[in-house]
Structures are given as C-alpha cells and as structure tokens.
Amino acid sequence: MNDPVYQNITPETVKEITDPEIGLKGYLVIDTSINGQSVGGLRMDESVTEEEIKNLARSMTLKHGFIGMARGGAKSGIAADGSLDHRQKEILIRRFGELIADNLKDRRYIPGTDVGTNKELIDELYRSAGVRTTKRSTGSPHSGYFTSLSVLTAIEVCVKLKNLDFRKCAFAVQGFGSVGGSLALEIHNRGGKVVAVSDKSGAIYKKDGLDIPEVVRRKPISDYRDAEQISRDELLELPVDVLCPCALGSAVNKNNMDRIKAGIVCAGANEAVTIAADRYLYDKGVLFLPEFATNCGGVLGNAMEFMGIGEGMILEFFRETLAPKYVRIYETSRETGKTPREIAIEIAEKNIERMKMASRRKTIKSRAVNLALKSYHRGLIPGFLVRDYAYGYFKKLVTGDSVLYT
C-alpha cells in the first residue's frame with residue numbers, strides 16, 4: 001500500500017478464512033490481546049482485503065488504548081457484497097463462524113457489528129460456533145448512534161478551537177449509514193447546516209442546507225430530487241467548514257488531500273485519513289483529530305449501555321470526559337509540532353502497555369471485578385446493582401491517563 005494509514009503493523013494473529021464451495025473468502029486479524037481477549041467488528045463488503053483488516057484491527061487497539069479499556073484490538077471481514085439479502089449473508093456468516101469457532105469459544109475474539117452486518121448476524125455467528133449468547137453478550141444495536149455522539153462531541157470541540165459558531169457552520173457528511181445518518185441528524189437537530197451527504201448510491205448538495213429528516217425518509221440519496229446531485233468524490237472537496245468522513249477508509253489521501261477545502265475534518269469512519277494526508281492537513285492548518293479518538297463512542301457507548309447507563313447520560317459523559325482529552329491532544333500537538341494523530345497514537349500505545357502490565361499483575365480486587373463482570377455478562381447480576389457504580393468506573397478509565405499528556 002503506497003499511501004498507508006498506519007505503519008509497522010505486526011498483528012498477533014492473521015487468519016485467512018475460505019470455503020470455495022460457497023464463495024467464502026475473509027480474514028480474522030487479532031492485532032493485540034489483553035487478558036486473553038480482543039474486540040472488533042465483523043464487516044462484509046466487496047472491498048475487504050487482508051491489509052484493510054490489519055489496519056482496522058490496529059485502529060481498534062488504538063481506540064481501546066485511547067479510552068483506557070483493557071481490551072485488545074481485532075477485526076474480521078468477509079469479501080462479499082454488503083447488499084446481499086439476509087439469507088445469503090447468513091450462509092457466509094455461519095461458515096465463517098464455524099471456521100473461527102475456537103477463537104469465539106475462548107473469547108479471544110469478541111466480534112461486533114460493522115459495515116454490512118447487524119446484531120442478528122453476529123448472533124448467528126456465535127450460534128454457528130456453538131457459543132451460547134445472552135441479550136448482553138452480542139453488543140448493542142445502537143453502536144452507530146453512540147459513534148455519532150463521540151464524533152459530535154469532537155466537532156463541538158474543534159469548532160470552539162477554531163472560534164467558529166456551530167450554528168453558522170456548513171457540514172458535509174460522507175456516508176449516510178448508522179454513523180453518518182445519525183451524525184447528520186444530530187448536527188441538524190442542534191442547528192448546524194448540513195449541506196451535503198452521500199451514500200453508496202450517490203451524493204447531494206444544497207448550499208442553504210438540507211432537510212435531513214426528509215432525506216432520511218426518502219433514501220436512497222440518489223432518489224432525492226430537492227438538491228443538486230453531485231459525485232461522492234465532489235462531496236469531499238466542497239468549501240465547507242467541517243468535513244465528516246463516515247464511510248469506508250482512506251477517504252482523504254495523497255490523491256485528493258490538496259483539494260480538501262474544509263477547515264475541520266472530523267471522522268466517524270475508521271482509517272479515514274492516510275499518513276500522508278494527515279501531515280499535509282496539519283501543515284495546511286486543517287484541524288483533524290484522529291479517527292480512532294473521535295469515533296470511539298461506539299466502543300465506549302456499547303460498554304456503558306451494557307452496564308445499564310442510558311443514552312442521555314452517555315452523551316453527557318462524552319462531553320465531560322472525551323472533550324478535555326481532545327483539547328489536550330490539540331494543545332500538545334501545537335506545543336510539539338506533531339500532528340494530533342501522532343500525539344494520540346503515542347498516548348494510546350502507552351496506555352496499551354500500561355494495561356498489559358496491569359493484566360499480568362492480578363490482584364484480589366481485579367479478580368473480583370472480572371468475576372462480577374463475567375457474572376453480569378451471563379445475566380446473573382441485575383443491572384440496577386451495577387449502574388451507579390458503572391459511571392464512576394468508566395470515568396476513571398477514560399480520565400486515568402491525564403498525566404501522559406503533560
């Protein structure tokens with residue numbers, strides 16, 4: 001790859017998963033594991049390659065490191081059309097689950113939803129591997145929404161750092177799925193002007209702002225006639241205040257970075273900006289916070305919801321804990337001349353090493369917490385017993401690395 005997103009990736013495990021009889025080709029990559037576990041979604045898309053899954057697994061490691069959650073990063077993918085009907089997807093998912101059953105049974109790999117998959121398919125993946133699941137064990141259907149909330153939090157920070165008025169900013173959102181669609185709606189509901197959105201069918205642009213609720217009702221975007229039809233590439237190059245890549249990776253790369261006109265790039269997609277583009281945007285004065293930091297809400301929100309914390313409190317939590325981390329990354333970047341992504345990677349990697357060391361030093365308290373979490377995971381402990389404790393627990397995790405920014 002001549003325009004990489006990450007460098008020197010050395011995963012713990014790389015498996016190619018194939019069954020020629022049904023046309024299955026996919027990959028499982030465990031970038032790193034902590035306490036013998038790693039977490040990352042299963043995607044289904046024609047573009048899936050081993051290199052892409054390696055990058056995505058690395059992104060998951062950094063994401064967990066950034067928010068201080070003692071989990072390793074992983075990713076899996078099936079190279080198939082994500083628009084296949086549910087029955088066709090099930091056939092591929094079941095066989096994929098059978099072929100990675102050992103990793104699912106010992107919880108070394110804990111999958112979640114991603115592009116082209118949903119909670120029902122992840123349930124089927126577990127069943128095909130002979131793993132019993134509960135309502136709490138296979139992730140949240142609200143993952144995309146939670147991701148949009150952390151991106152929204154990052155946007156609010158970036159707008160203030162640039163001395164802009166959120167309600168006067170023009171936004172372009174690439175990708176109109178569970179993340180991009182939710183983000184566009186949140187921006188619209190808070191008074192921001194979303195002037196362009198796109199999905200696989202195309203892109204639309206309206207200088208005075210789109211009626212996002214109406215766009216949601218009338219998908220696909222190519223059928224929406226109350227705006228100018230533009231190409232998906234054109235959307236990235238519009239003269240907007242904030243560009244939000246929320247589709248597949250490498251949206252901003254060495255081939256188009258010099259045509260990016262937005263002053264802020266804030267991503268919901270993993271691997272949205274390549275290394276070359278990251279440095280170019282920084283030197284140009286464009287504010288880009290790393291995507292594994294801005295889209296961490298899916299991972300964090302899922303975990304918080306799992307512990308019984310409601311949606312309203314989750315957004316409040318993001319603003320209370322994530323926003324200061326974004327500001328510190330920005331300030332450290334200005335002091336050092338490193339890009340915000342370079343700073344955030346250093347912080348995440350230090351956190352990962354700290355968590356790995358802690359996992360090797362088992363204490364009575366850590367054993368008790370792990371036992372309680374496993375019991376809760378299996379439905380043996382009611383939610384109301386852990387909810388109040390959980391908020392403080394997550395706050396301690398997310399803010400526990402503040403000393404590393406100094």
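## How do you know that? Questions about a predicted model

Author: The protein has 15 helices and twelve strands. Keep in mind that the model is predicted. Ask away!

Reader: What makes you say the radius of gyration agrees with a compact globule?

Author: We set the value against a rule. For 406 residues, a compact globule would come out near 22 Å, and the protein has 20 Å, so the two agree. If you'd like a picture of the extent, the C-alpha atoms fill a box of roughly 55 × 55 × 45 Å along the principal axes.

Reader: How much of the protein counts as buried?

Author: That label goes to residues under 20% relative accessible area, and 54% of the 406 residues earn it. As for the outside, the protein exposes about 17,600 Å², with carbon and sulfur atoms supplying 49% of that.

Reader: Okay, why is R341 called buried?

Author: Its relative accessibility is 2%. The cut-off is under 20%, so R341 counts as buried. R341 belongs to helix α13, residues 340-360. Leaving aside neighbours within four places in sequence, its contacts include V5, V273, T274, I275 and D278. F288, P290, E291 and F292 are also among them.

Reader: And what makes R132 exposed rather than buried?

Author: Same kind of test, other end of the scale. Exposed means over 50%, and R132 has a relative accessible area of 65%, so R132 is exposed. You'll find R132 in the loop between α4 (119-128) and α5. By the way, R132 and T399 are 267 residues apart in sequence, and their C-alpha atoms are 34 Å apart in space.

Reader: Why is N35 called partly exposed?

Author: Because N35 has 38% relative accessibility, which is neither under 20% nor over 50%. N35 is in the loop between β2 (24-30) and β3 (38-44). S250 gets the label too, because its relative accessible area is 22%. S250 is in the loop between β10 (242-245) and β11 (264-265).

Reader: What is phi like in N35?

Author: Phi of N35 is near 55 degrees, a positive value in a residue other than glycine. S250 also has a positive phi, near 55 degrees, and is not glycine either. Here's the background: most residues other than glycine have a negative phi.

Reader: Which peptide bond is cis, with omega near 5 degrees?

Author: The one from K219 to P220. P220 is in the loop between α7 (212-217) and β9 (228-230). In general, most peptide bonds are trans.

Reader: How do you know that helix α11 is largely enclosed by the rest of the structure?

Author: Count its buried residues. Helix α11 (residues 297-306) has ten residues and seven of them are buried, so it is largely enclosed. The buried ones are G297, G298, V299, L300, G301, A303 and M304. Their cover includes α1 (50-67), α5 (143-161), α12 (311-336) and α15 (387-399). After α11 comes G308, with a positive phi near 90 degrees.

Reader: Which residues touch the most other members of the largest nonpolar core?

Author: I155, V197, L300 and F394, in a core of 68 residues. Not counting residues up to four places away in sequence, L300 touches I67, M69, F317, F318, L322, F394 and V398. Apart from that core lies another, of 25 residues, including V195, I230, V252 and V286.

Reader: Last one: why is D31 called buried?

Author: D31 has 5% relative accessibility, and the limit is under 20%, so D31 counts as buried. D31 is in the loop between β2 and β3. Beyond residues up to four places away in sequence, D31 touches I9, T10, P11, E12, A57, R58, T61, G73 and A74. D31 and A74 are 43 residues apart in sequence, yet 5.4 Å apart in space, C-alpha to C-alpha. For the protein as a whole, take the contacts between residues at least 6 apart in sequence: 67% of them join residues at least 24 apart.

Conventions:
Residues are numbered from 1 along each chain as its sequence is written. This is a predicted model: local features need pLDDT of at least 70, side-chain atom pairs count only at pLDDT 80 or more; totals for chains, interfaces and linings use all residues. Side-chain values use heavy atoms; hydrogens and water are left out. A nonpolar core is a set of buried Ala, Val, Leu, Ile, Met, Phe, Trp, Tyr and Cys residues joined through side-chain atoms within 4.5 Å. Buried means under 20% relative accessible area, exposed over 50%, partly exposed in between (1.4 Å probe, protein chains only). Contact means heavy atoms within 4.5 Å. Helices (H or I, at least four residues) and strands (E, at least two) are DSSP runs, numbered from the N terminus. The radius of gyration is taken over C-alpha atoms; the globule rule is 2.2 Å times the number of residues to the power 0.38. Accessible areas come from the Shrake-Rupley method with a 1.4 Å probe; for residues, only the protein chains shown count as cover.
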